[in-house]
Every structure is written in structure tokens, then in C-alpha cells.
Amino acid sequence: DGSADLAFGSGGVVVLFAFGSWNEAYDVEIDSGGRIVIAGSAVHGSGRNAHNDIAVVRLQGTNGALDPSFGSGGVVLVHAASKSSSGSQAWAGLEI
């Protein structure tokens, strides 16, 4: 009927703040086990010391809690960029 599932997260909403100073989600999928998989990025540090990680999070589909059987407490961070001598980002080619 489109109404929020109040048993999911807190009042039907899950907010994640665990991965860095700036986080963005780029894709959300439901896996074959009914768990929610979110892929995005996390930025750590600031200015010339900042670096980017690929972030993948898996939530339990029933209540929205981080899935402790996935990665480290439901989170996988892959350091995917490094700084060149000029300070520009160099991204690794990764397939998840």
C-alpha cells in the first residue's frame, strides 16, 4: 500500500554516518537473500590529504540493521584512489 514499514530502521528510515567526512550512495539493490546492498563512495581527510574509498554496505532486509556477516560489521571499504605527485586523484579499475 506504499506506507512505511515502521519496524525497519527507526520509524521506517535508516541513516548511515560511518564512513568518512563525505559519503554518497550511487546504487541500491536487493540481493537474492532479501538484503539491501548500497554502493557508493566515502571521502576521508580534507584538502590535499583527502582520499576516496569505494564503500559497499549491506543491510539486513527485515530491520535495516548493518549485516554483521558482510565485510567488517556490514561495511566494506576499498581504498581506490591515490594521489599523484601533482596532487590529482588516480583511480584503480575495480569491479565489485
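**Notebook: core, sheet and a charged cluster**

I looked up the largest nonpolar core and found six residues: Phe 8, Ile 36, Ile 38, Val 57, Leu 59 and Val 75. Strand E2 (36–44) and strand E3 (51–59) are the elements that give two or more residues to this core. I keep in mind that this is a predicted model. A general note for the margin: in soluble globular proteins, nonpolar side chains tend to be buried together.

**Entry: Ile 36**

I took Ile 36 from the core and listed its contacts, leaving out residues up to four places away in sequence. Among them are three other members of the core, Phe 8, Val 57 and Leu 59. The list also holds Val 28, Glu 29, Ile 30, Arg 58 and Gly 61. Arg 58 is the one I follow up below.

**Entry: the sheet**

Next I checked how the strands are arranged. I found an open sheet of four strands in the order E1-E2-E3-E4, paired antiparallel. Which strands stand at the edges? They are E1 and strand E4 (75–79), and each has a single partner strand, so one side of each is left without a neighbour in the sheet. On average, neighbouring strands of this sheet are turned by 20 degrees against each other, direction ignored.

I then looked at the E2 and E3 pair. These strands pair in the antiparallel sense over nine bridges. For a register point I noted Ala 39, which stands opposite Val 56 in E3.

**Entry: Arg 58**

Arg 58 is found in strand E3. Is Arg 58 buried or exposed? I read a relative accessibility of 12%. The cut-off for buried is under 20%, so Arg 58 counts as buried.

I listed its contacts too, again without residues up to four places away in sequence. They include Asp 31, Arg 35, Ile 36, Val 37 and Asp 67. Ala 65, Leu 66, Ser 69, Phe 70 and Gly 74 are also touched by Arg 58.

**Entry: Asp 67**

Asp 67 is found in the loop between E3 and E4. Its relative accessible area is 5%, so Asp 67 is buried. Asp 67 forms a salt bridge with Arg 58, and the closest N and O atoms are 2.8 Å apart. The two side chains also register as a polar contact of 2.8 Å. Both partners are buried.

Outside the residues up to four places away in sequence, Asp 67 touches Arg 35, Arg 58, Leu 59, Gln 60, Gly 73 and Gly 74. Leu 59 belongs to the core listed at the top.

**Entry: the salt bridges**

How many salt bridges does the structure hold? I count three. Besides the Arg 58 and Asp 67 bridge, I noted two that involve Asp 31.

Asp 31 meets Arg 35 through a salt bridge of 2.9 Å, N to O. Asp 31 also meets Arg 58, at 3.9 Å, N to O. This second pair links distant parts of the chain: Asp 31 lies in the loop between strand E1 (22–30) and E2, Arg 58 in strand E3, and they are 27 residues apart.

I checked exposure here as well. Asp 31 has 21% relative accessibility, so Asp 31 counts as partly exposed. Arg 35 is at 28% and therefore counts as partly exposed too.

Putting the pairs together, I get a network of salt bridges that links Asp 31, Arg 35, Arg 58 and Asp 67. Side chains of opposite charge can pair when their charged atoms come close.

Conventions: Residues are numbered from 1 along each chain as its sequence is written. This is a predicted model: local features need pLDDT of at least 70, side-chain atom pairs count only at pLDDT 80 or more; totals for chains, interfaces and linings use all residues. Side-chain values use heavy atoms; hydrogens and water are left out. A nonpolar core is a set of buried Ala, Val, Leu, Ile, Met, Phe, Trp, Tyr and Cys residues joined through side-chain atoms within 4.5 Å. Buried means under 20% relative accessible area, exposed over 50%, partly exposed in between (1.4 Å probe, protein chains only). Contact means heavy atoms within 4.5 Å. A polar contact is a pair of N or O atoms within 3.5 Å; within protein, one must be able to donate a hydrogen and the other to accept it, and residues adjacent in sequence count only if both atoms are side-chain atoms. A salt bridge is a side-chain nitrogen of Lys or Arg within 4 Å of a carboxyl oxygen of Asp or Glu. Two strands pair if DSSP finds at least two bridges between them. Axes are lines fitted to C-alpha atoms, for helices over the stretch in contact, and angles run from 0 to 180 degrees between N-to-C directions.
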